[in-house]
Structures are given as structure tokens and as C-alpha cells.
Amino acid sequence: MLQQRGVRMGYFLAISLLLSALFYFFASNWPALDRWGKIGVSAAVLVLFYLMSYGGSFVFKRHSFISNWLLVAGGLAFGLSVALMGQIYNSHADSYMLFIVWFIPNLLFAIRTRYQPFYVISYVLAHLAICFFLQPSVVHVTYEDEWWFMIYWLIALVNIALFWLTSTGRLHSRPIYYLSFFVFQISLFNSTFIDVYGPFPELLYMLVGAGLFITFLKGLPNRGLLIVTSAFLALFLLANFFWFMLQHYSEGFFLIALLLAAALVWGAVAGIKWLRQESPYQQSGWVRFFQEAFTVLVTTIASLIGAISLSGLLFFIMDEETVVNFIFFLSLIGFVAPVLFYSKMNATVRYTLLTMGYILATGSSLFLEGYYWIVFLAVLLYAWFTLSSIPARLLTQLAFLLVLFFELHQSAVQEETIMLIFVVTQLAMYFLPRLPVVLQNSSLVYALLSFLALTETNSYGLTMNVAVNLVFFGFSTYMLYHTLHRNRRVDFGIVLAFWFAFLLMKYYDFLWSLLHKSLSLFLLSLVFFVVSYWLDRRTKEEVPLQPAFFAHKHKRLLLGATILLQFAIIGYQVWNSESILANGTTVKLELAPVDPRSLLQGDYVRLSYTIATLPDTDLESGKKLRVVLRKNDNGVHEYSGYYEQDGVWNRPYEKQASDVIINGKTLGYQRIEYGIESFFVPEGTGREVERTARYAIIKVGSKGDALLESLTPQ
């Protein structure tokens with residue numbers, strides 16, 4: 001069984017690397033391929049994935065997952081192909097329409113296969129479409145506060161509906177069950193920061209949060225959802241504390257906040273004591289879990305409020321030259337020492353004092369000159385070996401690493417050296433056999449996080465950077481198989497997350513070209529395919545036969561129809577764009593570019609046109625317009641002063657010979673977009689284009705749709 005799991009992992013990584021290679025290759029905008037060459041490559045990639053998926057359903061009968069994963073890869077490759085069409089024809093970078101078009105076939109795949117990856121991909125694509133509709137990457141759109149409040153609540157309601165469907169079994173998807181609830185919480189949380197309707201958003205959030213807390217505590221007990229709800233309520237309280245602090249910064253405010261933190265701890269102690277006395281299930285795991293979770297939650301809120309309030313109050317009443325020293329020694333003697341030397345202290349009080357002491361000592365030690373930080377590190381080491389509580393040791397580990405990082409950095413130690421120290425020490429802790437599992441997991445996170453940061457440094461040149469990246473990739477891949485073999489699911493999930501984070505971060509690594517990364521990933525993909533196939537042939541384990549999706553005749557027809565829809569979408573996009581390029585009116589526009597990188601489509605130049613501002617207009621955001629452009633004496637088209645909205649002209653209009661009517665959409669503040677605000681360039685050439693380009697040559701179709709054809713210096 002372990003060998004088969006290793007084989008499955010090898011094929012999964014191979015397909016992931018192949019998709020990443022294609023993603024990087026398309027984003028590189030390789031100038032050796034012309035427009036039709038790129039279109040041919042994107043179509044060939046789609047055909048290849050779906051043919052391999054279809055053929056794999058018969059060739060790899062022992063491993064139906066290969067065919068199914070290749071089908072998922074085809075759905076992802078379709079999105080890359082749509083993004084490539086946008087790159088070829090210079091449509092909006094990261095346009096929300098890209099994700100909508102990508103979403104529809106994947107949703108059909110999800111409905112017809114009920115395969116979890118399609119459910120998750122469809123969910124993510126739908127929310128990416130919403131995000132880029134609300135906040136486009138190329139243009140800035142303004143909306144009223146009431147509109148934002150409504151949008152956040154609509155997103156929350158849609159997600160709570162999905163959560164209800166999954167929790168009642170009407171939709172079978174555990175990932176959507178958790179994702180929908182998490183996004184629901186985020187949307188409600190964000191709605192409280194919209195300045196509308198007075199205190200209503202905050203009161204409504206507290207009411208909903210309290211209801212969910214009681215529901216997941218007693219009505220429908222659920223540990224994970226209770227933690228999420230409690231965490232967001234804690235963030236809400238802390239955010240409002242900081243807001244009130246900025247509004248009412250005074251001695252009185254800090255004194256009241258300090259008393260509030262003490263009252264919060266007292267209330268938590270009394271509440272847990274009552275729960276222990278009243279609950280008939282005092283020894284149940286659920287009650288113990290709630291007590292621990294509630295203790296951590298109260299500790300976090302009370303300690304942060306208490307530490308900030310105490311520091312603020314001391315800065316008001318003491319001399320600035322001595323207050324930092326006083327806070328440092330107060331934190332060690334008044335907060336940390338009682339916890340270390342008085343073991344019978346109440347758990348909630350104990351954790352609150354320890355957390356406050358760590359916060360105060362960490363903050364003050366960073367501002368003190370001398371060896372105060374070494375004293376604090378020594379105290380932390382003593383606490384690590386003295387305290388047996390897992391939460392206390394986790395907090396001690398975090399404080400130790402933070403202080404060590406900032407102090408070494410201030411001592412002019414190179415960041416690469418610091419990261420290397422963290423990698424070695426935390427990996428050593430991870431492999432300690434007697435260390436509790438939770439602490440091993442935290443050490444693994446810190447080690448991989450430091451290692452990942454090390455891959456982003458370029459102080460030692462390209463060769464060393466490539467070597468570090470290869471070592472990280474090799475080590476993380478080894479750890480995937482290592483944790484899989486030891487059946488450490490949490491460890492495996494941590495390593496897999498960092499493995500994919502590495503692939504994603506390399507997209508924004510400008511030291512190494514996207515084309516070279518693409519080739520390297522493609523070669524690695526082939527290696528993983530070959531090795532996995534070799535291991536598969538050697539294994540003697542029996543595998544239960546599960547037919548692939550393409551093996552079912554009725555599903556095969558439905559899947560084929562969805563695949564044809566994908567090709568029809570790409571074909572229509574090509575036909576429509578080519579028609580505009582061939583038959584559209586040529587227009588020259590003045591511009592002012594800026595150079596960023598798109599999420600999916602590679603480097604592009606963000607363009608701002610003189611026609612993007614319509615003076616003396618007061619139009620709502622999101623309205624469609626038809627704007628009249630008129631050629632001036634220099635042969636450049638500019639805004640003529642005429643536009644049409646909903647069939648009505650802003651003033652009487654008579655067409656002239658040079659007039660061209662272009663479609664646009666209002667952005668607010670007299671600004672308008674035309675869908676030609678991004679021009680994709682080969683990797684690394686954006687700055688040169690930004691320096692030389694002064695005008696854009698566009699093609700405007702008979703219906704007013706525009707395509708950006710080229711940029712020119714004159």
C-alpha cells in the first residue's frame with residue numbers, strides 16, 4: 001500500500017510540474033512564437049491533455065486517478081489557454097471575464113463527475129472572478145460604501161448557502177464545507193469596516209457571531225468551526241480596540257482598557273469554573289477541548305489589550321529614557337517569573353501573564369541597547385524546558401525566533417545566514433524523536449518558511465540562487481515522500497503547501513527567466529513520470545480497479561460536450577479578435593504606461609490614455625458609454641466632447657469623417673476604461689517599452705469594441 005501511495009504521489013507531482021511548466025511558458029510571452037504559433041500551441045496543449053486523459057482510462061486501468069487527474073489538468077490548461085488569448089490580443093490583464101469563462105466548463109465538469117478537485121477549482125475561480133470584478137488589476141474602480149456593504153453581505157449569504165448545502169448532505173464536498181464557512185466569516189468581518197448605517201454593521205456582526213458561537217458550542221457541536229468563529233470574533237474585538245485607541249489616545253483610555261483586560265480574564269476564569277461545576281460531562285474530550293480553546297482565545301485578546309494598554313499608560317506617566325528599561329524588567333519579574341515559579345496558578349491567568357510578559361519583553365528588548373536580548377533569550381530557554389504546556393512552549397518558540405531574528409539583523413548579520421541558522425536548528429528540532437508532535441509541526445513550519453525565504457535571496461548571484469532553489473525543491477520533495485511513508489498527514493499537508501508555494505513564488509522571481517524555469521519544470525515533470533512509471537511496474541501490490549470518468553459511456557458523451565464547448569469558446573475569441581484586427585478602423589492614441597506583472601498572463605505594460613478622462617462629466621461607476629473620438633491635426637484621435645449613454649447623447653451630435661465611436665465603461669471621477677489598458681510584452685522588456693512608447697495603435701470594430709495592436713514612440 002505504501003508503494004502505491006508513493007506512485008500516486010509521483011504521478012500527481014509530475015502532472016503539477018507539467019502544468020507549472022506550461023503556465024510559466026505561456027507567461028514568458030516567448031517572442032520566437034508569432035500570434036498563430038501561440039494559438040496553435042494552446043490548442044495542442046488542450047488536445048494533448050484530453051487525449052491523454054481519454055487514453056489513460058484504458059491504458060492505466062490499475063490507476064484510474066491518472067486519467068481523472070489529466071482531465072482536471074485539461075480544465076486548468078483551458079484557463080491558461082484563455083489567458084494566453086488575452087495575452088495575444090492584449091485584453092485586460094487578470095480580467096474577471098477570464099475567470100468567468102474559465103469557471104463555466106469547470107463547473108460543468110464538477111456537476112458531471114462530482115469530483116472534488118473540480119468543485120474546489122470552480123469555487124476558487126468564482127471568487128477570483130468576484131475579486132477582480134471588484135478590484136481590477138489594471139484600472140481603479142470606485143464604489144459607494146453602501147455598495148461595498150451590500151456586496152460583502154451578498155458574498156456572505158452565497159457562501160452560507162453553500163455551507164448549508166454541504167452540511168446537510170445536499171452537496172457532497174468537505175473542502176467546500178470549510179471554504180464556504182471561512183469565506184463567509186471573512187465577508188462578514190470585512191463588512192464591519194464599511195462606514196455606513198452607524199453602528200449597525202458592528203452590532204449585526206456581533207449578533208451573528210454570538211449565534212454561531214452558541215450553535216457550534218451546544219446546538220451543533222463542531223470544534224473546527226467553533227475555533228474559526230472565535231478567532232474572527234477575537235480579531236473583531238482587537239480591530240475595534242485599535243480603532244478606539246487611535247480615536248481616544250489618552251491616559252484614561254489606557255487605564256480603562258487595562259481594567260477591561262483584567263475583567264475579561266476574571267470573567268473567563270469564572271466561566272470555565274462554572275462550566276466544570278455544571279457540565280455533566282466534565283471529563284469528556286469535548287469539554288476539555290472547549291476549555292483549552294476558550295483559554296487560548298481569552299489569553300490572546302486580554303494579553304494584547306493588556307500589553308498595549310500598560311505600555312501606553314507607562315509612556316504617559318514615566319520618563320521616555322527609563323520607561324523601556326522599566327517595561328523590560330517588569331515583563332520578566334512581574335509577568336514571566338510568577339508563571340515559571342508558581343505552578344498552581346489558574347491556567348487562563350497563567351497564559352495571559354505569560355503572553356503579556358513575552359509581548360512586553362520582546363518589544364522592549366528590540367529597543368534597548370546592550371545584551372538585554374540575550375538575557376531574554378536565556379529566560380525563554382529556561383521557560384522552554386520548564387513549562388510542559390504545549391501552548392506555552394509554542395509561544396516561547398515563536399518569541400525566541402522573533403527576538404533572535406531581529407537582533408541578529410540589527411547586528412549586521414546577513415539575512416541569508418540568519419535563515420540558514422533557522423533552517424538547521426528547526427529541522428533538528430523536527431527530527432527530535434521525543435518532541436511532542438505539535439512542536440515538531442511548528443518546527444517544520446519555521447524550517448520550511450526560513451528555507452523558502454532563503455530561495456528568494458540573490459546576494460550570492462544567479463548560480464548560488466539556482467543551487468538553493470534546487471536544494472529546496474529536492475528537500476521538500478523528499479519530505480513529501482518521507483511524511484507520506486510515515487503516515488504523518490499534518491506534516492505531509494505542511495510540506496505540500498510549501499512545495500506549491502515554492503512553485504508559485506518562482507513566478508515572481510525576476511532573477512531567473514520564466515522560459516528557463518518552464519524548461520526546468522518540464523524536464524522535472526518527465527523525470528517524475530518516468531520514475532513513477534518504473535516504480536509502478538516494480539510493485540506487486542494489488543490495486544482495486546475503479547473505472548475512470550472516460551470509462552463510463554454516458555459520462556464520456558457529457559465530458560466530450562464540455563470539451564467541445566471549451567474549444568468553441570477559444571475559437572470564438574480568436575474569430576472575434578481577428579475580425580476586429582482585419583476590418584476595424586485604425587486609431588492612434590496618446591498614452592502614459594506603467595510596468596507590472598499579471599497573475600496569469602506574464603509581463604504587461606499598464607496604459608493610461610488621455611481619452612480615459614472625460615472632463616465636465618458626473619457619471620456613476622460601472623455605466624456603459626459610447627465615446628466619440630476625433631482625429632486632431634497631428635493625426636492622433638482624442639475625446640471629441642460627445643458620448644452616448646443608454647441611447648441618449650450628452651449633446652446634439654453630427655458625425656464627421658474622422659470620427660470613431662468606441663465602447664467604454666465608467667470608473668467614477670470622470671474616468672473611463674475601454675478594455676485596451678494592458679499591452680503584453682516578452683519578459684524583461686517592459687521597462688524599455690515604458691521608456692519609449694508614447695502612442696498606441698488600436699483597432700476599433702464596427703460595434704465599438706477595441707483591440708490594442710501595437711505601441712509606437714511616434
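**Strands, a helix and a surface patch in a predicted model**

Reader: Which residue in E4 does Arg-626 stand opposite?

Author: The model is a predicted one. Strand E3 covers residues 624-631, and strand E4 covers residues 637-645. These two strands run antiparallel and are joined by five bridges. Across from Arg-626, in E4, stands Glu-644.

Reader: Which residue is the bridge partner of Val-627 in E6?

Author: Strand E3 also pairs with strand E6, which spans residues 660-668. The sense of this pairing is antiparallel, and six bridges make it up. In E6, the partner that Val-627 meets in its bridge is Ile-662.

Reader: Which residue takes a positive phi in the hairpin of E3 and E4?

Author: Five residues lie between the two strands of this hairpin. A positive phi near 80° is taken there by Gly-635.

Reader: Is Asp-633 buried or exposed?

Author: Asp-633 is placed in the loop between E3 and E4. Its relative accessibility is 85%, and a residue over 50% falls in the upper class. Asp-633 therefore counts as exposed.

Reader: What distance separates the C-alpha atoms of Asp-633 and Glu-416?

Author: Along the chain, Asp-633 and Glu-416 are 217 residues apart. In space, their C-alpha atoms are separated by 59 Å.

Reader: Is Gln-426 buried or exposed?

Author: Gln-426 is part of helix H16, which runs over residues 415-430. Its relative accessible area is 3%. Because this value is under 20%, Gln-426 is classed as buried.

Reader: With the side chain of which residue does the side chain of Gln-426 make a polar contact?

Author: Beyond its neighbours within four places in sequence, Gln-426 is in contact with residues including Leu-401, Ser-443, Tyr-446 and Ala-447. A polar contact of 2.9 Å also links the side chain of Gln-426 to another side chain. The residue on the other side of that polar contact is Gln-397.

Reader: Which helix gives the most to the nonpolar patch?

Author: The patch lies on the surface, has an area of about 290 Å² and is made by Met-97, Ile-100, Ile-104 and Leu-565. Three residues come from one helix, which covers residues 96-113. That helix is H4.

Reader: What is the relative accessible area of Leu-565?

Author: Leu-565 is one of the residues that make the nonpolar patch, and its place is in helix H21, residues 553-583. Leu-565 is partly exposed, because its value lies between the cut-offs of 20% and 50%. The relative accessible area of Leu-565 is 32%.

How values were computed
Residues are numbered from 1 along each chain as its sequence is written. This is a predicted model: local features need pLDDT of at least 70, side-chain atom pairs count only at pLDDT 80 or more; totals for chains, interfaces and linings use all residues. Side-chain values use heavy atoms; hydrogens and water are left out. Two strands pair if DSSP finds at least two bridges between them. Helices (H or I, at least four residues) and strands (E, at least two) are DSSP runs, numbered from the N terminus. Buried means under 20% relative accessible area, exposed over 50%, partly exposed in between (1.4 Å probe, protein chains only). A polar contact is a pair of N or O atoms within 3.5 Å; within protein, one must be able to donate a hydrogen and the other to accept it, and residues adjacent in sequence count only if both atoms are side-chain atoms. Contact means heavy atoms within 4.5 Å. Patches are made of residues with over 30% relative accessible area and no salt bridge: like charges are joined within 9 Å, nonpolar side chains (Val, Leu, Ile, Met, Phe, Trp, Tyr) within 5 Å. Accessible areas come from the Shrake-Rupley method with a 1.4 Å probe; for residues, only the protein chains shown count as cover. A salt bridge is a side-chain nitrogen of Lys or Arg within 4 Å of a carboxyl oxygen of Asp or Glu.
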